[in-house]
Amino acid sequence: MNLALGLLLCAKTKLAKTRLAAYFADGTSRVGDSRTTSLGLGATRKILKIYRALVIGIVREDRVTINQPIGVVRYPGVAKGLYVASPSGKPALSKVEVIERDVDKNCTLVQVEIQSGRPHQIRIHLAFIGHPLLGDPLYAVGGGPQCSDIEYVDDSFAKDGGFLRPAKPVPGDTGYSLHAHQVTLTHPTTNEVIEITAPLPPVLRTRKEAQQISMS
């Protein structure tokens, strides 16, 4: 089951596309700027992305800020390389807030705000702090691939550039519990602040949220 769903932001005009791309790029370039890291649009921040995720293990701290850089390593089956936690990578910042802990199932429901937008950032950052996404077939504790031996591949060629397909997972494999839940942005032409929320799948609801829905 793949839960990497939720909101998808699309532009209807070239102008909107250009400005939205600038919003994302600006947010990524301002990693660590105290004016733009709170939950809400700051004076210079034009877009805010909130995700809901279910991770393995019990996250002890109520709030965690992760500023681990993300870089690329060679990896069979991924022509341009695999994004991983890397001290020599580009800056990335994620703010994690615990919503609910389930000790019996050994998992934690969290909300994640990402200021930067590195590929697979949430998956890598949560794995980096020791709590990979539940069901993630690729990223393990530490923020790298579960397939640590990159020379171990099968005999078939991948379609993406002739690389040998690894016997273990690649980024496109699904199954992890991640949902793009909320986006708040400044409209690219009217400057109106817009907030959009995508309904949560059952597995990413708190007990209280599930109860409220069942009673409605």
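The following exchange goes through the terms applied to this predicted model and the values behind them.

Biologist: What makes a local feature eligible here, and how are the residues numbered?

Modeller: The model is predicted, so local features need pLDDT of at least 70 and side-chain atom pairs count only at pLDDT 80 or more, while totals for chains, interfaces and linings use all residues. Residues are numbered from 1 along each chain as its sequence is written, and side-chain values use heavy atoms, with hydrogens and water left out.

Biologist: How many helices and strands does the protein have, and what makes a run count as one?

Modeller: There are three helices and 13 strands. Helices are DSSP runs of H or I with at least four residues, strands are runs of E with at least two, and both are numbered from the N terminus.

Biologist: Why is Ser94 called buried?

Modeller: Buried means under 20% relative accessible area, exposed means over 50%, and partly exposed is in between, with a 1.4 Å probe and protein chains only. Ser94 has a relative accessible area of 1%, so it is buried. The residue lies in strand β6. Over the protein, 43% of the 216 residues count as buried.

Biologist: What makes the pair Ser94 and His125 a polar contact?

Modeller: A polar contact is a pair of N or O atoms within 3.5 Å; within protein, one must be able to donate a hydrogen and the other to accept it, and residues adjacent in sequence count only if both atoms are side-chain atoms. The side chains of Ser94 and His125 make such a contact at 2.7 Å, so the pair meets the distance limit.

Biologist: Which other residues does Ser94 touch?

Modeller: Contact means heavy atoms within 4.5 Å. Beyond its neighbours within four places in sequence, Ser94 is in contact with residues including Val64, Thr65, Ile66, Val112 and Gln121. For the protein, 65% of the contacts with a separation of 6 or more are between residues 24 or more positions apart.

Biologist: How do you know that α2 is mostly covered?

Modeller: Seven of the eight residues of α2 are buried. They are Gln121, Ile122, Arg123, Ile124, His125, Leu126 and Ala127. Gly130 follows α2 and has a positive phi, near 95°.

Biologist: What makes the phi of His120 worth a remark?

Modeller: Most residues other than glycine have a negative phi. His120 is not a glycine, yet its phi is positive, about 60°. The residue is found in the loop between β7 and α2. Asn191, also not a glycine, has a positive phi of about 70° and lies in the loop between β12 and β13.

Biologist: Why is Asn191 called exposed, and why is His120 called partly exposed?

Modeller: Asn191 has 51% relative accessibility, which is over the limit for exposed, so the term applies. His120 has 29%, which falls in between the two limits, so it is partly exposed.

Biologist: Where do Lys17 and Pro76 lie, and is each buried or exposed?

Modeller: Lys17 lies in helix α1, residues 14-29, and at 59% relative accessibility it counts as exposed. Pro76 is in the loop between β4 and β5, and its relative accessible area of 14% makes it buried. The C-alpha atoms of Lys17 and Pro188 are 8.5 Å apart, with their positions 171 residues apart in sequence.

Biologist: What makes a space a pocket, and what is the volume of the largest pocket?

Modeller: On a 1 Å grid over the protein atoms alone, a pocket is an open set of points where a 1.4 Å probe fits, with protein on both sides within 12 Å along at least five of seven lines; lining residues have an atom within 4 Å of a point. The largest pocket has a volume of about 530 Å³, a volume being the space filled by probe spheres set on the points, which are joined across faces, edges and corners. Of its 23 lining residues, the closest to the centre are Leu7, Lys49, Tyr51, Ile114 and Ala180. β12 gives the largest share of the lining, four residues.

Biologist: How do the linings of the two pockets divide by residue type?

Modeller: Ala, Val, Leu, Ile, Met, Phe, Trp, Tyr, Cys and Pro count as nonpolar, Asp, Glu, Lys and Arg as charged, and the others, Gly among them, as polar. The lining of the largest pocket has 15 nonpolar, five polar and three charged residues. The second largest pocket, about 220 Å³, is lined by six nonpolar, one polar and six charged residues.
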